[in-house]
Structures are given as C-alpha cells and as structure tokens.
Amino acid sequence: MTKRFAAQIAALAFFLSALPAFALDKVSFATNWRAQAEHGGFYQALVDGTYAKYGLDVTILQGGPQSNARLLLAAGRVDFCMGANLIQTFSAVQQKAPIVAVASMFQKDPIIFMSHPGEGFDRFEDLPKATAFIGNDNLVSVYQWLKQAYGFKEEKIKPYTFNSAPFLADKKSIQQGYLTSEPFEIARQGGFTPNVFLLADYGYDSYSTTIETRKETIETKADLVQRFVDASIIGWYHYIYGDNSAANAAIRKDNPEMSEGQLAYSVEKLKERGIVDSGDSLSLGIGAITDARLRSFFDKMAKAGVFPADLPIAQGYSTRFVNKKVGLELRPSHAAGAQ
C-alpha cells in the first residue's frame, strides 16, 4: 500500500466517522398487561435487533391493572398499542374512537373454559349446566354468544375476580381463563390437570393480540406503520420457532413475577394449538387479517345482541399492512401450527 493510498483511506475513514449516525424512528408500543409470553414476539423483535433493522427505536410500555393502553393510544401518548380481541375493535367503531387494528398476531383467541375432570363436565355440551365463574368483560361479550349459540344460562354465573380459589373449591363449576396461563396455575395450585376447552374450537373466531394505531398515523406515517408491523411479524416467527431465551429474559426483567416454567408452558401452548400461526397465516403470514373472518365474528356478535347489525366495522380495521407473506420462509416445515 502506497503512502498516498493509505492517506486516502485514513481520510475516508475520518470523513465517515464524522457523519451523523443514522437516526432510528422512535416508536412507543403499549401492551395490555404485564410482560408475558403472549407478548413474546414484540420483545423478540426488540432484543434481537429486528426493530432496529427496520429503522425503529422501539420502547415497549408494559401494561397492568393501573394502565389502559388504548386510552394512551387514543390520546396520542403512544404510537401503537396491543388490542386484546375484536370486541375492542368493534367497540372502538361504536364509540367513534380513532383507533384501527392493522395486524393480528394471534389467529385464535386464547380464551378458554376449564372444568374439573370426572365431575360430569368433560364435554363442551355439558358446560351449560355448570356454575360459571365469568369476569365482567366476558359476561357482556363471550357469554352472550354462548347463551345464543349453546344455551348457557346467566343464572349460572358467579363473578370471576382473577382468583381461582372458588373454582378449585367447587368441583361442579367452570372458569374462564387463557389457554397459556390459567391451566398452568390450576395444575400448580390444585394438583390436577383441568379439562381445557378452547372457545376458538367451538366457533368463537375472534382475532386476538392485535396491533392498533390511530387513523392519523396511518394517513401520515404509513411507512412507519408498515415497518412496525413487518418487524413485529418477524419477531413472532423468531419467538415461536427460534431461540427465544433473550426475549424471555427481557420479559422477566420487566415482570419479575413471571416464572421460567410459566413462560415455557405458554410458548408450548401457543405452538401446540396454533394460536399464532394457523389458518390464514399459513398462506398469508403471521399477522393475517381477512374481511371474511371479521365479518364471520361480527355476525355472531350481532346475532347475540352484543353490537347493532349495521355497525360500520370496516372503519375499525385495515388489511393494508398484512397478508403480504412476510416471514413465511422462517416457519419450519415441521411446525406444529402448520396444519
């Protein structure tokens, strides 16, 4: 190397070092509860650099009983939030809130009923006869559909306060829960494996764990929305099919009460039952939303009297940012969800 060439290389290196670093777009994302495996793909995209690769500097704001992610979003305090289900999507339309669901990370809502084995409630058709521990949110939505579709009775309801002691004490009862959490706790606390009925298997076809943003953001920052959705999709592929240890460590850092055993159980159930990757996502990619699926679920809720039949639900969601087969190559051929 000549001295002149070396000097040119040194000058170029100095010039490059003097350039400002590429600025990532700052993005805030509020979850709807304390950190858990059900949020894993978002944490994965954060810790493995996927968000940064897509030009995003993402801050995940952990939810909890004292916070409301959707209120933060509506008020413009965060850029994106995690929605729980389509009931919230339709409610936003009804309330004329400027919130739009732009992706659904879960193709199946993980909501379940549990029953005690060997007590006469081992089949779904037996459940209407049981005392039912149901929370207020599900009473005005899920349970109204169950009444209409399967003959469940409101006189059987007792309030569920997120304490399973009453269910454990009453062997002739059922309790709501999430596939990924409550059965694990019942086995730990009660010493038995409960019967688990995933309502998605019986026609409750809501999406879950949606990404929501404001209409204004879609109109003025569509590229930002697309990058956040795409990176989150990649994060979920890596979380359920790859090495998720760093993401789980980040989850436990935010929520020290979350055990490694619970995380492992939750991931196993997400994969085993195709919660994240099944149905439309097998061909369209994780995050898929279709008009047909939205209409199917809405018609059931309207028939059950939960929403008026003329609600303009198209205002509450967009398929613009999904169904593009992002990340399909990351799914292993033997994946449990690929059925």
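Lys269 sits in helix 13. In this predicted model, its relative accessibility comes to 14%, and with the cut-off for burial set at under 20%, Lys269 therefore counts as buried. The charged end is not left on its own: the side chain of Lys269 makes a polar contact of 3.3 Å with the side chain of Glu272. Once neighbours within four places in sequence are set aside, Lys269 is in contact with Leu179, Thr180 and Ile275.

Helix 13, which spans residues 260-272, also meets helix 9, residues 182-190. A pair of packed helices is described by the angle between their axes and by the distance between those axes. Here the axes come within 10 Å and cross at roughly 130°. Angles of 65 to 115 degrees would count as roughly perpendicular and those over 145 as roughly antiparallel, so helix 9 and helix 13 end up as oblique to each other. The crossing of the two helices is right-handed. On the helix 9 side, the contact is made by Pro183, Phe184 and Glu185, and on the helix 13 side by Gly261, Gln262 and Tyr265.

Now for the sheet. Five strands form an open sheet in the order 2-1-3-10-4, and the pairing is mixed. Strand 2 (56-61) and strand 4 are the edge strands; each has a single partner strand, so one side of each goes without a neighbour in the sheet. From one strand to the next, the twist averages 30°. Strands in a sheet pair through backbone hydrogen bonds, in either a parallel or an antiparallel sense, and both senses turn up in the pairs described here.

Starting from the strand 2 edge, strand 1 (residues 25-30) runs parallel to strand 2, and six bridges join the two. One of the bridge pairs puts Ser28 opposite Thr59 of strand 2. Strand 1 also pairs with strand 3, again in the parallel sense, over two bridges. Phe29 has Phe80 of strand 3 as its bridge partner. At the other edge, strand 4 and strand 10 are antiparallel and share six bridges. Ala101 has its bridge partner, Glu212, in strand 10.

Helix 5 lies across strand 3, strand 4 and strand 10, and runs at about 110° to strand 3. Helix 5 covers residues 86-94 and is mostly covered itself, with seven of its nine residues buried. Those buried residues are Leu86, Ile87, Thr89, Phe90, Ser91, Ala92 and Val93. What do the buried residues of helix 5 pack against? Three of the elements are the strands already mentioned, namely strand 3 (80-85), strand 4 (99-106) and strand 10 (208-214), and they are joined by helix 4 (69-74) and helix 15 (291-303).

Both ends of helix 5 have some local detail. At the start, a side-chain oxygen of Asn85 reaches to within 3.1 Å of the backbone nitrogen of Ile87. Past the other end comes Lys96, whose phi is positive, near 60°.

Lys96 leads on to the question of backbone angles, since most residues other than glycine have a negative phi. Two further residues with positive phi can be set side by side. Thr209 is not a glycine, yet has a positive phi of about 50°. Thr209 belongs to strand 10, and its relative accessible area of 6% makes it buried. Phe162, also not a glycine, has a positive phi of about 65°. Its setting is the loop between strand 7 (157-159) and helix 8 (165-169). Is Phe162 buried or exposed? With a relative accessible area of 64%, Phe162 is exposed.

A final case concerns another charged residue, Arg331, found in the segment after helix 15. Its relative accessibility is 15%, so Arg331 counts as buried. What, then, does the side chain of Arg331 reach? One partner is the backbone oxygen of Leu282, at 3.4 Å. Another is Asp277, whose side chain is joined to that of Arg331 by a polar contact of 2.6 Å.

Note on methods: Residues are numbered from 1 along each chain as its sequence is written. This is a predicted model: local features need pLDDT of at least 70, side-chain atom pairs count only at pLDDT 80 or more; totals for chains, interfaces and linings use all residues. Side-chain values use heavy atoms; hydrogens and water are left out. Buried means under 20% relative accessible area, exposed over 50%, partly exposed in between (1.4 Å probe, protein chains only). Helices (H or I, at least four residues) and strands (E, at least two) are DSSP runs, numbered from the N terminus. Contact means heavy atoms within 4.5 Å. A polar contact is a pair of N or O atoms within 3.5 Å; within protein, one must be able to donate a hydrogen and the other to accept it, and residues adjacent in sequence count only if both atoms are side-chain atoms. Two strands pair if DSSP finds at least two bridges between them. Axes are lines fitted to C-alpha atoms, for helices over the stretch in contact, and angles run from 0 to 180 degrees between N-to-C directions. Angles under 35 degrees count as roughly parallel, over 145 as roughly antiparallel, 65 to 115 as roughly perpendicular and the rest as oblique. A crossing is left-handed if the near helix is turned anticlockwise from the far one by less than a right angle, and right-handed if clockwise.
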